[in-house]
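Let's take a look at this structure together, starting with its charged contacts and moving on to rings, a pocket and a surface patch.

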Amino acid sequence: MKVFALFALAGSAAAFAPASKQGASTQLRALSDMPGSTAPIKNFDPLGYSSIGSDETLAWFRASELKHSRVAMLATTGYIVQAAGIHFPGMLSKDVSFESLSSMKPFDAWEAVPDAGKAQILGTIFIAELASESQGTHYMKGGSYPTIVFPPIDFSGVSAETLKVKQDRELNNGRLAMIAIMSFIAANNVPGSVPALSGLDMF
């Protein structure tokens with residue numbers, strides 16, 4: 001499962017398949033108008049994804065970044081909570097207690113979860129993905145970007161300026177979280193690869 005996590009991250013990056021070409025300047029202007037284009041590096045796009053394909057392609061990239069940001073924030077928080085020994089009371093299954101899992105490294109704890117529990121977790125993620133992709137007009141056809149399925153958050157009463165600030169913060173925090181969880185995975189699988197995490201019990 002440790003190696004699977006690395007392949008999953010690599011696969012998500014490989015999923016960016018190019019479509020038809022468009023002018024880079026037009027796409028960069030669109031990028032500058034999107035949430036997340038903030039100081040100190042506006043229009044940060046070193047691999048030129050904004051110039052690949054159509055407006056629909058750019059919308060798919062943004063939705064992917066948004067989803068990965070949210071998942072990374074949850075994963076980073078979960079890893080830190082697990083590493084701190086915080087856990088639910090009682091039993092996860094008839095043979096595995098939450099307390100026993102809290103004494104393990106987070107990736108070892110995942111390995112110890114029964115297969116039925118893993119299936120329930122992955123199944124819930126699959127259902128949430130279907131729900132977020134099936135609401136209203138799809139974002140690749142001009143609709144809104146995926147929202148948080150649970151708990152639902154209503155921003156209808158928030159002004160456009162305030163909403164833009166919140167979206168910028170979510171994306172920037174998510175980008176940092178993606179770096180963080182990738183660092184955690186690297187430190188867990190390749191000892192010494194992240195000097196700042198070397199010597200810590202949970203890596």
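A salt bridge here means a side-chain nitrogen of Lys or Arg within 4 Å of a carboxyl oxygen of Asp or Glu. Before we use that, note that this is a predicted model, where local features need pLDDT of at least 70, side-chain atom pairs count only at pLDDT 80 or more, and totals for chains, interfaces and linings use all residues. Residues are numbered from 1 along each chain as its sequence is written, and side-chain values use heavy atoms, with hydrogens and water left out.

There are six salt bridges in the structure. One of them joins E65 and R62. These two sit three residues apart in helix α3, so about one helical turn separates them. (Helices are DSSP runs of H or I with at least four residues, numbered from the N terminus.)

On to the rings: the structure has four aromatic pairs, counted when the centres of Phe, Tyr or Trp rings (six-membered ring for Trp) lie within 6.5 Å; planes under 30 degrees apart are stacked, over 60 edge-to-face, and the rest tilted. Y79 and F184 make a tilted pair, because their planes meet at 40°. Y79 belongs to helix α3 and F184 to helix α7, so this contact ties together parts 105 residues apart in sequence.

| Contact | Distance |
|---|---|
| E65 and R62, salt bridge | 3.1 Å between closest N and O atoms |
| Y79 and F184, aromatic pair | 4.9 Å between ring centres |

Now for the second largest pocket (on a 1 Å grid, an open set of points where a 1.4 Å probe fits, with protein on both sides within 12 Å along at least five of seven lines; lining residues have an atom within 4 Å of a point). It is lined by 18 residues, with R70, F155, L163, Q167 and E170 nearest its centre. The elements giving two or more residues to this lining are α3 (55-83) and α7 (160-189), and α7 gives the most, with five.

Finally, L122 is found in helix α6 (residues 115-133).
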